[in-house]
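Reader: I'm new to this one and would love a guided tour. Could you zoom in on one spot and then show me what else is going on?

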Amino acid sequence: MATTSGQMTTGWSTPQSGLMSTPWSTTQQPDVNPDPEIHWADIVVIVVYFAIILAVGIWSAWRANRGSAKGYFLAGRDMSWWPVGASLFASNIGSGHFVGLAGTAAASGIAVVSYEWNAIFIMVMLGWIFVPVYISAGVFTMPEYLRKRFGGQRITVYLSVVSLLLYVFTKISADIFAGAVFIQQSLKWDLYLAVVLLLAITAVYTVTGGLSAVIWTDTAQTVIMVVGAFVLTGLSLSKIGGYNEMVRQYFLAVPTIRDNSTTCGMPPSDALHMFRDPITADLPWPGIIFGLTILATWYWCTDQVIVQRCLAAKTIEHSKGGCILAGYLKILPFFLMIIPGMISRALYPEEVGCVDPAECLKYCQNAAGCSNVAYPKLVVRIMPIGLRGLMLAVMLAALMSSLTSIFNSSSTIFTMDIWRKFRRQSTERELMIVGRVFVLVLIGISILWIPIVQAAQGGQLFNYIQAVTGYLSPPICASFILGIFWKRMTEPGAFWGLMTGLVVGLIRLVMDFAYGSPGCGEAEFRPEVLWKVHFLYFAMILFAVSAIVMVVVSLLTPPIDDKHLHRLTWATRHSEEERDDLDKPAEVVEMSSLNGGKEAADTDVTVNVVEPPPMWKRGFDWICGINQSEEEAQPEPDVHISIKENRRSRIILNVNAVIMMCVGVFLWAFYA
């Protein structure tokens with residue numbers, strides 16, 4: 001994920017903002033240090049691993065309640081805390097993390113871990129502030145919450161479309177590119193064959209099993225990911241001689257061929273500091289504290305992929321427990337990805353640390369830089385036979401895990417928030433089929449997007465993703481925060497705040513993309529507003545501008561009646577009164593009232609003889625878990641789901657949350 005994980009770096013002097021304009025090429029050059037060929041034992045491990053994962057997915061699909069929208073999209077709201085927490089972690093930690101975080105660490109040190117450790121505190125906000133409101137509101141999706149909170153359709157449609165575009169053109173493309181880097185560096189497979197095969201396996205249990213299958217396979221893969229990554233970290237530290245030796249060699253890891261008149265190719269002097277210069281650093285400390293918190297709040301507390309896991313928990317206690325587990329797991333990327341990335345640069349400075357375009361072409365077929373190959377290089381060269389296959393399987397599983405989360409959540413948004421707008425009388429069966437077909441459409445788009453990802457080679461694409469998320473998410477974050485905490489917030493206020501933020505964000509985005517950014521050692525040629533205002537600072541400004549517009553417009557428009565707000569805000573989350581939903585469909589006019597209440601004496605009664613469906617249709621329904629019923633799918637009623645907690649459970653959860661935050665404060669202070 002672009003805003004909550006390290007960005008893939010393409011050069012050694014990362015600009016404060018904007019997009020790299022370094023030229024690149026995909027011309028094939030002979031590898032100077034050919035990596036060892038993959039052993040047949042590694043292939044066996046990969047095949048066995050995927051067979052187990054597929055079996056887990058199919059098992060969870062058959063045991064789950066897949067025949068209803070609630071069962072398919074929210075796993076029947078019957079998940080325990082530990083699979084919820086594991087799925088939160090696995091949904092966030094995709095292959096982009098293994099490739100991107102390690103690459104960024106190789107380029108500039110540990111500061112990028114702030115994206116991970118910031119989440120320790122945001123997870124408490126998710127479980128203790130946002131989820132109780134979402135659960136009491138009884139919603140499937142985040143656009144649905146805004147529709148119930150503000151009424152009207154325009155905010156929901158806006159958010160649904162923006163979410164789907166972000167999923168398709170940032171998250172999916174990012175993970176596919178990261179997986180492609182890994183496949184090309186390790187397996188030497190054909191890119192299209194490998195990705196299509198992965199997407200096909202992913203689609204099988206996403207289409208058939210729904211969210212329950214996704215969460216259970218996420219849980220299984222999280223265990224394998226963590227164990228395999230720890231093994232690689234241990235072997236890497238052993239090879240280099242320990243942590244202190246890694247630090248020493250990292251600062252000496254300078255490529256032989258470089259421009260000695262610049263700092264290009266040299267590790268930054270503040271590589272071991274999280275808090276860096278507020279003006280000149282690649283990640284300034286005020287931006288990390290405030291700007292990053294805005295982006296992280298959007299991602300963790302209002303993004304469908306994440307919140308959907310918490311809504312699938314059986315009780316509020318299990319939802320909070322899952323958040324705590326995920327928060328603890330977010331400590332691990334420092335050891336699993338950051339340290340290996342730095343070790344990789346220390347061990348292979350000529351390859352991972354290259355800055356000369358011609359040299360980079362030799363080592364990784366990418367003139368913009370080779371930091372992205374830091375993690376794959378370690379796996380291929382350090383892991384022993386068998387374990388190497390396990391680690392390759394972990395990387396492919398991380399790609400699948402992230403894609404399944406995006407596919408399922410995108411399907412939920414499209415089906416519940418867009419399709420039902422145009423098909424209000426849609427049947428339960430229709431919703432189930434549409435949701436699954438949309439997953440297949442997303443997979444098709446993903447495959448068509450591969451050539452673009454492959455051509456970009458991480459040069460401009462990932463900086464573009466960083467810009468998209470940094471420039472589009474703050475207004476959405478502001479709308480949720482004000483909507484939850486401020487009852488006076490109105491629909492026009494939210495809408496015009498979102499529109500203002502969108503316009504301002506797009507202006508900055510277009511300017512960044514149009515101007516590009518100078519390569520390492522080149523003179524600055526962009527307007528000062530681009531290179532002096534870091535994207536995290538811009539996120540803070542954009543959030544403030546959007547929030548001000550929302551407040552001003554809300555105060556100038558009539559307030560929403562309290563009867564529409566029960567269990568939709570923080571203040572009313574415990575309300576027992578019946579809510580009059582703003583998005584309630586218009587009442588159906590009885591036919592008898594249209595003819596003056598007179599019953600037609602000679603009304604013909606038509607009796608429909610229901611014939612059993614054909615064999616192919618029954619087989620299709622059985623595979624997808626669709627009931628034969630053609631009953632109309634009713635909108636979710638205003639069912640009050642209790643958010644009251646057992647006193648003992650509440651104390652245990654609160655104590656754990658405090659302990660987790662104390663650990664987070666210690667980590668931040670130690671590496672600040």
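Of the contacts in the chain with a separation of 6 or more, what percentage comes from residues 24 or more positions apart? And could you take a close look at arginine 154 and its salt bridge to glutamate 491?

Author: Happy to. A quick word on the ground rules: this is a predicted model, where local features need pLDDT of at least 70 and side-chain atom pairs count only at pLDDT 80 or more, while totals for chains, interfaces and linings use all residues. Residues are numbered from 1 along each chain as its sequence is written, and side-chain values use heavy atoms, with hydrogens and water left out.

Your percentage is 85%. A contact here means heavy atoms within 4.5 Å. As for secondary structure, the chain has 25 helices and 0 strands; these are DSSP runs numbered from the N terminus, with helices being H or I of at least four residues and strands E of at least two. Of the chain's 672 residues, 60% count as buried, a label for under 20% relative accessible area, with exposed being over 50% and partly exposed in between (1.4 Å probe, protein chains only).

Now to your spot. Arginine 154 and glutamate 491 join their side chains in a salt bridge, at 2.7 Å from N to O. That term covers a side-chain nitrogen of Lys or Arg within 4 Å of a carboxyl oxygen of Asp or Glu. The two residues sit 337 residues apart, arginine 154 in helix α7 (residues 154-187) and glutamate 491 in helix α20 (residues 491-515), so the bridge links distant parts of the chain. Arginine 154 has 36% relative accessibility and therefore counts as partly exposed, whereas glutamate 491, at 12%, counts as buried. Arginine 154 also lies over the face of phenylalanine 495, at 4.0 Å from the ring centre. To qualify, NZ of Lys or CZ of Arg has to be within 6 Å of the ring centre and within 35 degrees of the ring normal. Arginine 508 does this too, over phenylalanine 538 at 5.0 Å from the ring centre.

That salt bridge has company, since the structure holds 14 of them. Among them is lysine 377 with glutamate 351, at 3.3 Å from N to O. It links helix α16 (residues 374-382), home of lysine 377, to helix α14 (residues 349-352), home of glutamate 351, 26 residues apart. Both of these residues are buried. Another bridge pairs aspartate 581 with arginine 579, their closest N and O atoms being 2.5 Å apart, and these two are buried as well. Add Lys148, and you have a network of salt bridges linking Lys148, Arg579 and Asp581.

Aromatic rings pair up too: there are 20 such pairs in the whole structure. Rings of Phe, Tyr and Trp (its six-membered ring) pair if their centres lie within 6.5 Å, with planes under 30 degrees apart counted as stacked, over 60 as edge-to-face and the rest as tilted. Take tyrosine 134 and tyrosine 145: their ring centres are 5.4 Å apart and their planes stand at 75°, so this pair is edge-to-face. Tyrosine 134 belongs to helix α5 (residues 114-137) and tyrosine 145 to helix α6 (residues 142-150), 11 residues apart. Tyrosine 134 has a relative accessible area of 0% and is therefore buried; tyrosine 145 is buried too, also at 0%. Elsewhere, Trp117, Phe334, Phe335, Phe666, Phe670 and Tyr671 make up one aromatic cluster.
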